[in-house]
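Let's take a walk through this protein together. Have the structure open and follow along as we go from one spot to the next.

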Amino acid sequence: MAASDSAGDDSLYPIAVLIDELKNEDVQLRLNSIKKLSTIALALGVERTRTELIPFLTETIYDEDEVLLALAEQLGQFITLVGGPEYAFYLLPPLESLATVEETVVRDKAVESLRIVAQQHSPTDLESHFVPLVQRLAAGDWFTTRTSACGLFSVCYPRISAAMKGELRSHFRALCQDDTPMVRRAAATKLGELAQVVELEYLKSDLIPMFVNLAQDEQDSVRLLAVEACVSIATLLPQEDTEQLVMPTLRQCTGDTSWRVRYMVADKFSELQKAVGPEITKTDLVPAFQSLLKDTEAEVRAAAANKVKDFCQNLDKAHQENIIMTNILPCVKELVADPNQHVKSALASVIMGLSPILGRHNTIEHLLPLFLTQLKDECPEVRLNIISNLDCVNEVIGIQQLSQSLLPAIVELAEDSKWRVRSAIIEYMPLLAGQLGREFFDEKLNALCMTWLMDHVFAIREAATMNLRKLVDQFGAEWAENTIVPKVLAMSRDQNYLYRMTCLFCVNVLAEACGSDITTRLLLPTVLGMANDKVANVSDITTRLLLPTVLGMANDKVANVRFNVAKTLQKIAPQLDQAVIQPQVKPVLDKLNVDTDVDVKYSAGEAITGIAVSVVTITRFVSRFYNTENIRRCHYTYVSHLAVTSVRYK
């Protein structure tokens, strides 16, 4: 008997711990306890979870929002823990309570879990347990409960009796006419979802009147949500019913006094176009789209401009070109000169897509002038949106016509006085190279890419070096050896030390892309020759420097360059054979390790250590040539560097 009592006490221990933690003053402890509910439920078993744990949770739903949110999420995963779908209705009471709380996030999560649980209900359980819950929420005194109810109709409607379906439609109608705008907004949001499961007969007789009322609501926040429902409803109706029941309301929304409603129409225009079909599009939506493109509010014009390509693509092929040239293109020409940069930018992101639709002749005659205007626009984003879509035009008019018309404008941008514009053009240069081809690139744009390497702004020079790497990836190492590498190596002899450093940066990115042969044969000698430069660099330039160029510059007069020579040697060492490192790299690092500049010495010491650690194949080289005295000297250099730089920056 005593043993039996002891066993009973032990079985109660998990829920006792849970109760203690749920009542703890520490929110984090309560939160952790909620997240362990599944473990507690497993320990209790399905019977005690249903009869003890769930009632306890239902009675204690008065806590911090984050705890309630975690509880709402956990309960949605509790179906198996209460015994399976036939017992899923046990989870409804706590979730119903959570669906009534003030915090929106908690209510939304509770509704989400209720929808999951409802899918596991049998039709009988839906009618016995879930539908009454929906009705209680829909008739609740507080708007929070009625708001939550709106999201539950569609999940249970298809699997209940006709009588109950009628009751639910009545409740939803009441919610659409609720005095509180928040409830009407929730109803408008879920109207399209409910329309998907309601019978066509009741869609026409019940839901469309609700849609019309919501679209005429006094609150524009309700009216704009009705536009989304319009898409779902129009998809479900035959064309003649759509014209009669939906289009009058849609025309009204297109001319709504609130710009937010018109914006929503513009944003959903492509979906509306597909829903209503080509005939209604031709008669009704084309004039509506023109109206939106000419709207007084810039936000509406931008949203409509963003849909120009999609709208034109979805037009009936038999009338497509005529509609575009007659109705759409005049509006587009006006938007190219729109005073708002967001409108022009939205248009620039899609206007190039009209070329394949209109063909070569119309593109050259009508679209190219617009492209040129936008390429010269004062807004950088407009120009970049045009450049990033050049491939659409290239496929239609050909490279020759493109080079004669658009390329001069691109070159002009590449020489823009604003460095951010130049930087943006550099970013798109690999894309242009891929679109235009190697031969055309070498003839028209290669020199421009090399000019950027000598720009007076460091960010441009840095972007230009990365651009070279992408071009090598595009065109191959052989192209780099013949076209790029000679020009890069020539920079190692430039009078300006900044350009000599740029040479190092280029070697850094080219060595890996070009391979060990070109690196050893062409780049390495240049770097070695720059190790005696006179200018030091206190800041950490970059860890992505490559070996060959650095070695050729080891005798440079600028210590800044020599500093980066050592860093580059460390970076490109994995690309080199041990036979190259031993006779060529080792003497340079030894020399830099006794340089007069403390930062150069520090960089050389770091390179020596880094090569020893990271490159396994040169372990013998390190053991043979970098004796204990050398390592001590590296350590001394490092300590000295810390001391000097700390004084420097105080």
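Start with the lining of the largest pocket: α7 (104-119), α9 (143-150) and α12 (181-195) each put at least two residues into it. Of these, α7 is the top contributor, giving 5 residues to that lining. Keep in mind as you look around that this is a predicted model.

How much space lies in the largest pocket? About 280 Å³. The lining is made up of 14 residues, and if you want to find the middle, look for Asp 108, Thr 147, Ser 148, Ala 186 and Lys 190, which are the closest to the centre of the pocket. Chemically, the lining is a mix: sorted by class, there are 5 nonpolar, 5 polar and 4 charged residues.

Now move along the chain to Leu 468, which sits in helix α31 (residues 458-475). Is Leu 468 buried or exposed? Its relative accessible area is 0%, so Leu 468 counts as buried, the cut-off being under 20%. Who are its partners? Leaving aside residues up to four places away in sequence, Leu 468 touches Met 450, Leu 453, Ile 484, Val 488, Cys 506 and Leu 510. Take Cys 506 as one example: Cys 506 is 38 residues away from Leu 468 along the chain, yet the C-alpha atoms of the two are separated by 7.6 Å.

Zoom out, and the whole protein comes into view. There are 40 helices and 0 strands. Of the 650 residues in the protein, 53% are buried, and Leu 468 is one of the buried ones. Contacts across the sequence show up here too: among contacts with a separation of 6 or more, 70% are between residues 24 or more positions apart. On the outside, the accessible surface comes to about 28,700 Å², and carbon and sulfur atoms hold 50% of that.

Finally, a word on confidence. The mean pLDDT of the protein is 80, with 82% of the residues at 70 or more. Two stretches deserve a look of their own. Residues 534-546 have a pLDDT below 50, and in the model this stretch makes 56 contacts beyond near neighbours in sequence. Residues 615-650 also have a pLDDT below 50, and there the model shows 48 contacts beyond near neighbours in sequence.

Key
Residues numbered from 1 in each chain as written. Predicted model: local features only at pLDDT ≥ 70, side-chain atom pairs only at ≥ 80, totals over all residues. Heavy atoms only, no water. Helix = DSSP H or I, 4+ residues; strand = E, 2+ residues; numbered from the N terminus. Buried < 20%, exposed > 50% of the residue type's maximum accessible area, 1.4 Å probe, protein only. Contact = heavy atoms within 4.5 Å. 1 Å grid on protein atoms, 1.4 Å probe; cavity = no way out; pocket = protein on both sides within 12 Å on 5 of 7 lines; lining within 4 Å. Points joined across faces, edges and corners; volume = space filled by probe spheres on them. Nonpolar A, V, L, I, M, F, W, Y, C, P; charged D, E, K, R; others polar. pLDDT = per-residue confidence, 0-100. Areas by Shrake-Rupley, 256 points an atom, 1.4 Å probe, with all protein chains shown as cover.
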